[in-house]
Amino acid sequence: MRFEDLFDDLESQLEAELGAERRDLEAEEERFRIGRLELRDRIAAAPRTLDLALRAGGRLRLRRMALGRDWLNGLVLEGAPAESGAIVPLHAIVGIELDHDGAVASARAAREPGDLQARLSFGFALRDLARRRATVILEGSAPVAGTIDRVGRDHLDLAVHEPGERPRRSSVRAWRLVPFTAFDWVRLP
């Protein structure tokens with residue numbers, strides 16, 4: 001063995017060790033980055049069409065239109081009458097079906113520092129529906145239709161009436177206080 005070959009061999013071994021150490025460090029940094037991701041981050045980076053599994057056992061396929069701090073809004077494609085709008089609180093989602101590319105894309109999530117929607121809460125979205133006096137259906141294990149009167153921090157007041165009726169005193173059957181955790185999503189008929 002020549003003296004020059006010995007140094008070339010040592011140099012290549014050192015490069016290999018440094019490369020392995022760099023790859024280990026990058027892998028560890030990636031594990032930490034993934035460990036800081038939240039469901040909202042993954043949804044923001046996922047494809048716009050989502051297949052959701054919900055707490056009450058229902059499934060919902062929708063095209064995401066907006067994503068708030070703890071909710072998402074979209075146009076229903078399957079799981080309810082066509083062209084319905086939906087507002088889904090993130091706590092009602094028990095799973096999201098993605099293909100391999102969608103799962104990989106969602107893991108590449110990056111936070112947008114000035115994203116206004118990311119600061120809007122589920123309550124804010126419901127207050128907007130209350131202001132508009134929109135008829136809604138609270139979907140879950142026992143769906144109920146009506147108009148949202150007031151929205152608290154963790155519940156809403158619903159004037160219960162038939163979906164096609166206006167919320168007049170004569171058509172309202174009852175006023176119901178409904179915790180946000182009691183329904184899986186809000187359908188806009």
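**Core**

I started with the largest nonpolar core of this predicted model. It has 21 residues, and the ones touching the most other members are Leu-126, Leu-138, Ile-148, Leu-156, Leu-158 and Val-186. Then I checked where the members come from: α4 (122–132), β6 (135–139), β7 (144–151) and β8 (155–160) each put in at least two residues. Helix α4 gives the largest share, five residues. That fits what I'd expect, since in soluble globular proteins nonpolar side chains tend to be buried together.

I picked Leu-156 for a closer look. Skipping residues up to four places away in sequence, I found Leu-156 touching Leu-126, Leu-138, Ile-148, Val-151, Leu-177, Val-178, Phe-180 and Phe-183, and also Arg-150 and Arg-176. There's a second, separate core too, with 15 residues, including Ile-43, Leu-52, Leu-67 and Leu-90.

**Helix α4**

Next I went through α4 for burial. Phe-122, Gly-123, Ala-125, Leu-126, Leu-129 and Ala-130 come out buried. They sit on the same side of α4, because they cover an arc of only 160 degrees around the axis. Handy reminder to self: an α-helix has 3.6 residues a turn, so residues three or four places apart point the same way.

What do the buried residues of α4 pack against? I got β3 (71–78), β4 (85–89), β6, β7, β8 and β10 (185–188). On the face turned away from the buried side I noted the exposed residues Arg-131 and Arg-132.

Arg-132 also makes a salt bridge with Asp-128, at 2.7 Å from N to O. Both are in α4, four residues apart, which is about one turn of the helix. Arg-132 counts as exposed because its relative accessible area is 59%, while Asp-128 has 23% and is partly exposed.

**Just after α4**

Arg-133 follows α4 and caught my eye with a positive phi. The angle is about 55 degrees, and this residue is not a glycine. Most residues other than glycine have a negative phi. I placed Arg-133 in the loop between α4 and β6, and at 30% relative accessibility it counts as partly exposed.

**Arg-40**

Is Arg-40 buried or exposed? It has 12% relative accessibility, so I logged Arg-40 as buried. It belongs to helix α2 (residues 39–45). I looked for a polar partner and found the backbone oxygen of Gly-68, 2.8 Å from a polar atom of the Arg-40 side chain. Leaving out neighbours within four places in sequence, the contacts of Arg-40 are Leu-67, Gly-68, Arg-69, Leu-90, Asp-115, Gln-117 and Ala-118. Among these, Leu-67 and Leu-90 are members of the second core.

**Salt bridges elsewhere**

My search of the whole structure turned up eleven salt bridges. One of them joins Arg-61 and Glu-78, with the closest N and O atoms 4.0 Å apart. This pair links distant parts of the chain, as Arg-61 is in strand β2 (residues 59–67) and Glu-78 is in strand β3, 17 residues apart. Arg-61 is partly exposed at 28% relative accessibility. Asp-51 joins in as well, since Asp-51, Arg-61 and Glu-78 are linked in a network of salt bridges.

The last pair I looked up was Glu-162 with Arg-173, whose side chains meet at 2.7 Å, N to O. Both lie in the loop between β8 and β9 (174–179), so the salt bridge ties together parts eleven residues apart in sequence. Glu-162 is partly exposed with a relative accessible area of 41%, and Arg-173 is exposed at 55%.

Technical notes
Residues are numbered from 1 along each chain as its sequence is written. This is a predicted model: local features need pLDDT of at least 70, side-chain atom pairs count only at pLDDT 80 or more; totals for chains, interfaces and linings use all residues. Side-chain values use heavy atoms; hydrogens and water are left out. A nonpolar core is a set of buried Ala, Val, Leu, Ile, Met, Phe, Trp, Tyr and Cys residues joined through side-chain atoms within 4.5 Å. Buried means under 20% relative accessible area, exposed over 50%, partly exposed in between (1.4 Å probe, protein chains only). Contact means heavy atoms within 4.5 Å. A polar contact is a pair of N or O atoms within 3.5 Å; within protein, one must be able to donate a hydrogen and the other to accept it, and residues adjacent in sequence count only if both atoms are side-chain atoms. The arc is that of the directions from the helix axis to the C-beta atoms.
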